[in-house]
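Colleague: Please take me through the labels attached to this model, and for each of them set the value against the cut-off that it rests on.

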Amino acid sequence: MPATASVVQLPPPAPETLGGAEDKVLLKMDSTKQTPVKYYVGIDVGSASVRAALVDELGTVVAHADQPIQIWEPQPDHYEQCSADIWAACCSVTKKVVSGVDASQIRGVGFDATCSLVVVDKQFQPLAVNCEGQNCRNIIMWMDHRAVSQVDRINAMQHRVLSYVGGVMSVEMQPPKLLWIKENLQESCWEKAGYFFDLPDFLSWKATGVTARSLCTVVCKWTYTSDGGWDDSFWETIGLEDLVKDKYEKIGNHVLSPGESVGKGLTPEAAKDLGLPEGIAVAASLIDAHAGGLGVIGADVKGHNLPCENQPITSRVAMICGTSSCHMGVSETPIFVPGVWGPYFSAMVPGLWLNEGGQSATGKLIDHVVRGHVAFPELQSKAAASAHSIYTYLNSHLDLIKKSLPVGFLTVDLHVWPDFHGNRSPLTDLTLKGMVVGLTLSRGLDELALIYLATIQAIALGTRHILETMQAAGHHINTLFLCGGLSKNPLFVQMHADITGKPVVLSKEVESVLVGAAILGACASGDFASIQEAMAKMGKIGRVVQPNHEHKRFYNKKYEVFLKLVEHQREYRSIMSSF
């Protein structure tokens, strides 16, 4: 796959005094001298691309770049990547964003990435995670569902560690994937493996040469607990006692808090690769969704008339919505939510417990529905002619066909259950399938726009389902903070406000995940006393979208249908199981 990095560099405005400084100011000034601005590099590895940003101490993205990375799908539900490809992309985009900047002003680097599983041998060389023996494909992606039978067996054992993942382990977590490797690739991979890394930890190792793991990754995806560490009996019970015998060297026996400085900073080799000076502080990393949460959830909301103003951060949920969506809520004491991951102590915000709801396919589902429709070529052509994206064009088309109705009411007879890739939260049922009720023989652009709208509404109804489950367990949530690619779509944002009945806050910087990664680097540099201080100073809110409360009755009815859909799907399965 050709991979050319694209870069956007924002021109520096004229320096201003602190009294009237704008967010994009590059120099701070006082009455006696100029103080150079401090910069931090945030590097984000998503599912399909790597992005980097140069962020200043006020949280402004000064430059950003991105580059695609390859995904292999050798068979259904198997998704693989290459760690060398990903690291090369990290280096390329980082060199782009720091080009022309005085290196002495760059103070720290932070990484975030998807929670994919990286396998290397004892010499840190890649090992194939596939039957074809392709060593370059040494990553099992987060969305890979090959380990279904393994996770079913793990869940059947009902070990106590499962209480920290909502009672049911997900196939997207690492223990079932490790068990799959042992059972299917014992000689070629399992016995030769030296280290199993979560991708965020692999990146901090590449940068520093230190194999320390982040508390975020091992707590959220590997069953580690901040107070008790690894539970020997869990690994022995599921058949991975090998990991216990070597004192967990392969999966991590040195754990750092997110934002803590790793080793002695950038190694000479990594510094050369990234185009940065040797020894710059490197932070213990975060999973990408958690970095997005860090970038938005702690922002100052004074003067915006929001219900979370003068309330603790526990009244907020950060929703990171891209290929998939994650719903991050924090609490001062542990809250056990059925079907929602956590509680995880200090996994995102130090000192607070994290619960993480999620939807396995959101942006991916919208793309699947739109691009698979027979009218997609017509949409593509008309969008190109109008110089708009396909989604901007669809939103405009919905405004044209709605007549006197609110746009959302167009789906009164069209309903979608969105679990085309199983349900992560709150039902934790990998076997659930997508459903559409209300199709006709029509094949035109109007029908494509309607199924697109119904799909977005279904995703928002799924968010409401997650939030209601969290609130029933003890969370008190009154405001949503959205970031990620889907937060750029005004229809997606408005539907989430209307359907949940809660205001939605968007970040001033669209690239909140990159700001979150940069916040890690800022903490590692020592320029901020804590993650919380950096969050408050570098996280900025932009637009606030209020719910249309007059539409509440309609969406209550849609939600009633939504819950009936899954009830009916289970009834159908029960009927057919007796065949």
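Modeller: Let me begin with β19, where W353, N355, G357 and Q359 point one way while L354, E356 and G358 point the other way, and all are buried. Please keep in mind throughout that this is a predicted model.

Colleague: What makes you call strand β19 mostly covered?

Modeller: The label buried requires a relative accessible area under 20%, and seven of the seven residues in β19, which spans residues 353-359, are buried. Both sides of the strand are represented, since W353 points one way and L354 the other, and each is buried.

Colleague: How do you know which strands pair with β19, and in which sense?

Modeller: Two strands count as paired if at least two bridges are found between them. Strand β17 (residues 325-331) pairs with β19 in the antiparallel sense over seven bridges, and H327 stands opposite G357 in that pairing. Strand β18 (residues 341-345) is also antiparallel to β19, over three bridges, with W341 having E356 as its bridge partner. The numbers seven and three both satisfy the requirement of at least two.

Colleague: What is notable about the peptide bond between G342 and P343?

Modeller: That bond is cis, with omega at about 10°, and P343 belongs to strand β18. A second cis bond joins S425 and P426, where omega is about 0°; P426 is placed in the loop between β20 and β21 (435-437). Most peptide bonds are trans, which is why such cases are worth pointing out.

Colleague: Turning to the aromatic rings, why is the pair of F124 and Y195 called stacked?

Modeller: A search of the whole structure finds 20 aromatic pairs. For F124 and Y195 the ring centres lie 4.5 Å apart, which is within the limit of 6.5 Å, and the planes stand at 10°, which is under 30 degrees, so the pair counts as stacked. F124 sits in the loop between β9 (117-121) and β10 (139-140), whereas Y195 is in strand β11 (residues 193-198), so the pair ties together parts that are 71 residues apart in sequence. Ring pairs also link these two with F197, F202 and W205 into a cluster.

Colleague: Are F124 and Y195 buried, exposed or partly exposed, and what puts each in its class?

Modeller: F124 has a relative accessibility of 24%, which is neither under 20% nor over 50%, so F124 counts as partly exposed. Y195, at 12%, is under 20%, and therefore counts as buried.

Colleague: What kind of ring pair do W417 and F562 form, and why?

Modeller: Their centres are 4.4 Å apart and their planes meet at 35°, a value that is neither under 30 degrees nor over 60, so the pair is tilted. This pair links distant parts of the chain, with W417 in strand β20 (residues 415-417) and F562 in helix α18 (residues 552-577), 145 residues apart. W417, at 1% relative accessibility, is buried, and F562, at 2%, is buried as well.

Colleague: How do you know that helices α1 and α5 pack against each other, and which residues meet there?

Modeller: Helix α1 (residues 83-98) and helix α5 (residues 199-208) pack at about 60°, with their axes 11 Å apart, and the crossing is right-handed. S83, I86, W87 and C90 in α1 meet L199, F202, L203, K206 and A207 in α5. These contact residues divide into seven nonpolar, one polar and one charged.

Colleague: Why is T223 called buried?

Modeller: Its relative accessible area is 9%, which is under 20%, so T223 is buried. T223 is placed in the loop between α6 (215-222) and α7 (232-238). Apart from neighbours within four places in sequence, T223 is in contact with residues including V161, M169, P175 and W230.

Colleague: What makes N305 and K403 stand out in their backbone angles?

Modeller: N305 has a phi near 55°, a positive value in a residue other than glycine, and K403 has a positive phi of about 55° although it is not a glycine. Most residues other than glycine have a negative phi, and therefore a positive value deserves a remark. N305 lies in the loop between α10 (288-296) and β16 (316-321), and at 69% relative accessibility, which is over 50%, N305 counts as exposed. K403 is found in the loop between α13 (390-401) and β20, and its 74% is also over 50%, so K403 is exposed.

Technical notes: Residues numbered from 1 in each chain as written. Predicted model: local features only at pLDDT ≥ 70, side-chain atom pairs only at ≥ 80, totals over all residues. Heavy atoms only, no water. Axes fitted to C-alpha atoms, helices over the stretch in contact; angles between N-to-C directions. Helix = DSSP H or I, 4+ residues; strand = E, 2+ residues; numbered from the N terminus. Left-handed = near helix turned anticlockwise from the far one by under 90°. Contact = heavy atoms within 4.5 Å. Nonpolar A, V, L, I, M, F, W, Y, C, P; charged D, E, K, R; others polar. Buried < 20%, exposed > 50% of the residue type's maximum accessible area, 1.4 Å probe, protein only. Phe/Tyr/Trp six-rings, centres within 6.5 Å; stacked < 30°, edge-to-face > 60°.
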